[in-house]
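Trainee: Before we discuss charged contacts and pockets, could you put the model in front of us?

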Amino acid sequence: MKIVLTSQSDLKMAAVRAVFGAVADAEYVRVKAPSGVNEQPEGKEETRTGAFNRIAHAKIIVPDADYYISIENGLFPIDPVV
């Protein structure tokens, strides 16, 4: 099974391996896939768009994978606690 992560991050790869760790024949591939959004996405829509853009690019780079995983960090406004 080939699993593609759309990031070079060691932390994100550790999370992916933690999820798929029981799969003995897993092949992990990291690709540097552009998000097409700001370096630090803001809000749910921009964060989601960045993740989906990375997956679309990863499918071009590695078209034969079984799973494509994108973990996108974003900033979200919250209501202040008064």
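Mentor: We should fix one term to begin with, namely that a residue is called buried under 20% relative accessible area, exposed over 50%, and partly exposed in between. Please also keep in mind that this is a predicted model.

Trainee: Into which accessibility class does arginine 30 fall?

Mentor: Arginine 30 shares a salt bridge with aspartate 10, at 2.8 Å from N to O, and this pair links helix α1 (residues 10-20) to strand β2 (residues 27-30). Aspartate 10 counts as exposed because its relative accessibility is 57%. Arginine 30 has a relative accessibility of 33%, which lies between the limits of 20% and 50%, so its class is partly exposed.

Trainee: Is lysine 2 buried or exposed?

Mentor: The side chain of lysine 2 meets that of aspartate 64 in a salt bridge of 3.1 Å, N to O, with lysine 2 in strand β1 and aspartate 64 in the loop between α2 and β3, 62 residues apart. The relative accessibility of lysine 2 is 17%, which is under the 20% limit, and therefore lysine 2 counts as buried.

Trainee: Which residue meets glutamate 72 in a salt bridge?

Mentor: Glutamate 72 lies in the segment after β3, and its partner, 18 residues apart, belongs to helix α2. Both residues of the pair are buried, and among the 13 lining residues of the largest pocket, with about 170 Å³ of space, both are listed with those nearest its centre. The N to O distance is 2.6 Å, and the partner is arginine 54.

Notes
Residues numbered from 1 in each chain as written. Predicted model: local features only at pLDDT ≥ 70, side-chain atom pairs only at ≥ 80, totals over all residues. Heavy atoms only, no water. 1 Å grid on protein atoms, 1.4 Å probe; cavity = no way out; pocket = protein on both sides within 12 Å on 5 of 7 lines; lining within 4 Å. Points joined across faces, edges and corners; volume = space filled by probe spheres on them. Salt bridge = Lys/Arg side-chain N within 4 Å of Asp/Glu carboxyl O. Helix = DSSP H or I, 4+ residues; strand = E, 2+ residues; numbered from the N terminus. Buried < 20%, exposed > 50% of the residue type's maximum accessible area, 1.4 Å probe, protein only.
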